[in-house]
Amino acid sequence: MFGFDVITIFPGILDAYLGESIMKRAIEKNLIDVKVYNLRDYTTDKHKTVDDYPYGGGSGMVMKVEPLYKAVTAIKSDGVQRLTVMLSPQGRTYNQGVAEEMAKETRRILLICGRYEGIDERTRELLVDTEISTGDYVLTGGELPALVIIDSISRLLPGVLGDEESNKEESFSWGMLDYPHYTRPSEFMGKKVPEVLLSGNHKLIMEWRKQEALKRTLARRPDLLEGVEHRSNS
Ligand code: 9D3
């Protein structure tokens, strides 16, 4: 079973998403295990303080290192191997290549979600194997990125997707945008479904889809066609 541990001050954000649809089913089927830890449970003061003012001044608060250290140490005390990932805008940019790499992990993946302006640097130095960002936009914390990582890895694992949603991507579609999709009715507001899709000629349909996917990719995401070395990783 593939395992995730998540440290957050908002466990409800993770529980909500993981309690629905494909993630819920994957957890029920024991294909993935996700344990969500509330960082406040690892504080020692009456007010369950997880943040403090930044040394050197400036606006915003910084996440304290001690609760994170306590949480990570407690979680790791079971002796199970883990890859510790901190979600941060300074991290390696996530993509499908990183997801595929992480899906091969035999270790559990421990995700540390930050909030506030940042996390005390000593957390990274003492506890973190790798830092990941999900992209160049500003969020309010690491919880959505943690879910992005859990979701994108989980759907790569055997049995997580049903036959209906399955990864049976035709060979031509990898690394390209999708072709246009249609369902009933065959005409809506004067707009007709392309004739070829109603023809029943599967070879012709495949050719049309391949051509449409290539056309779209060239028009909208030519970077995807520029070679394998850009497509994944690094
Ligand atoms: C506007 C505040 N920024 C000043 C330069 C710093 C900043 C601090 C904390 C920006 C974002 C955040 C919270 N974001 C994350 O914790 C985060 C994140 C993201 O914002 N975008 C993409 N990936 C990630 S992973 C974690």
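**View 1. Polar contacts of the ligand in the predicted model****.** A backbone N or O atom of Y137 lies 2.8 Å from a nitrogen atom of the ligand. For T134, a backbone N or O atom is likewise found 3.1 Å from a ligand nitrogen atom. S133 contributes through its side chain, a polar atom of which lies 3.5 Å from a nitrogen atom of the ligand. On its own, the ligand has 570 Å² of accessible area, and the protein covers 72% of it.

**View 2. The pocket and the shell around the ligand****.** The ligand takes up the space of the second largest pocket. Two elements, β5 (82–93) and β8 (130–133), each give two or more residues to the surrounding shell. The largest share, three residues, comes from β5. The shell comprises 16 residues, of which E117, T134, G135, Y137 and L139 come nearest to the ligand. By residue type, the shell divides into eight nonpolar, seven polar and one charged.

**View 3. E20 in the loop between α1 and α2****.** E20 is placed between α1 (11–18) and α2 (21–28). Its relative accessible area is 53%, so E20 is classed as exposed, the cut-off being over 50%. Between the C-alpha atoms of E20 and I150 the distance is 13 Å in space, while the two residues are 130 residues apart in sequence.

**View 4. Backbone at N30, in the loop between α2 and β2****.** N30 lies in the loop that precedes β2 (32–38) and follows α2. Phi of N30 is near 55 degrees, a positive value in a residue other than glycine. Most residues other than glycine have a negative phi. N30 counts as exposed because its relative accessibility, 51%, is over 50%.

**View 5. Backbone at Y116, in the loop between β6 and β7****.** The loop that holds Y116 runs between β6 (108–113) and β7 (118–119). Although Y116 is not a glycine, its phi is positive, at about 65 degrees. With a relative accessible area of 33%, Y116 falls between the cut-offs of 20% and 50% and is therefore partly exposed.

**View 6. The cis peptide bond from R184 to P185****.** Omega of the bond from R184 to P185 is near 5 degrees, and the bond is cis. Most peptide bonds are trans. P185 belongs to the loop between α6 (143–154) and β9 (187–188).

Terms used. Residues numbered from 1 in each chain as written. Predicted model: local features only at pLDDT ≥ 70, side-chain atom pairs only at ≥ 80, totals over all residues. Heavy atoms only, no water. Near = heavy atom within 4 Å. Polar contact = N/O pair within 3.5 Å; in protein donor to acceptor, adjacent residues only side chain to side chain. Areas by Shrake-Rupley, 256 points an atom, 1.4 Å probe, with all protein chains shown as cover. 1 Å grid on protein atoms, 1.4 Å probe; cavity = no way out; pocket = protein on both sides within 12 Å on 5 of 7 lines; lining within 4 Å. Sits in = over half its atoms within 2 Å of the grid points. Helix = DSSP H or I, 4+ residues; strand = E, 2+ residues; numbered from the N terminus. Nonpolar A, V, L, I, M, F, W, Y, C, P; charged D, E, K, R; others polar. Buried < 20%, exposed > 50% of the residue type's maximum accessible area, 1.4 Å probe, protein only.
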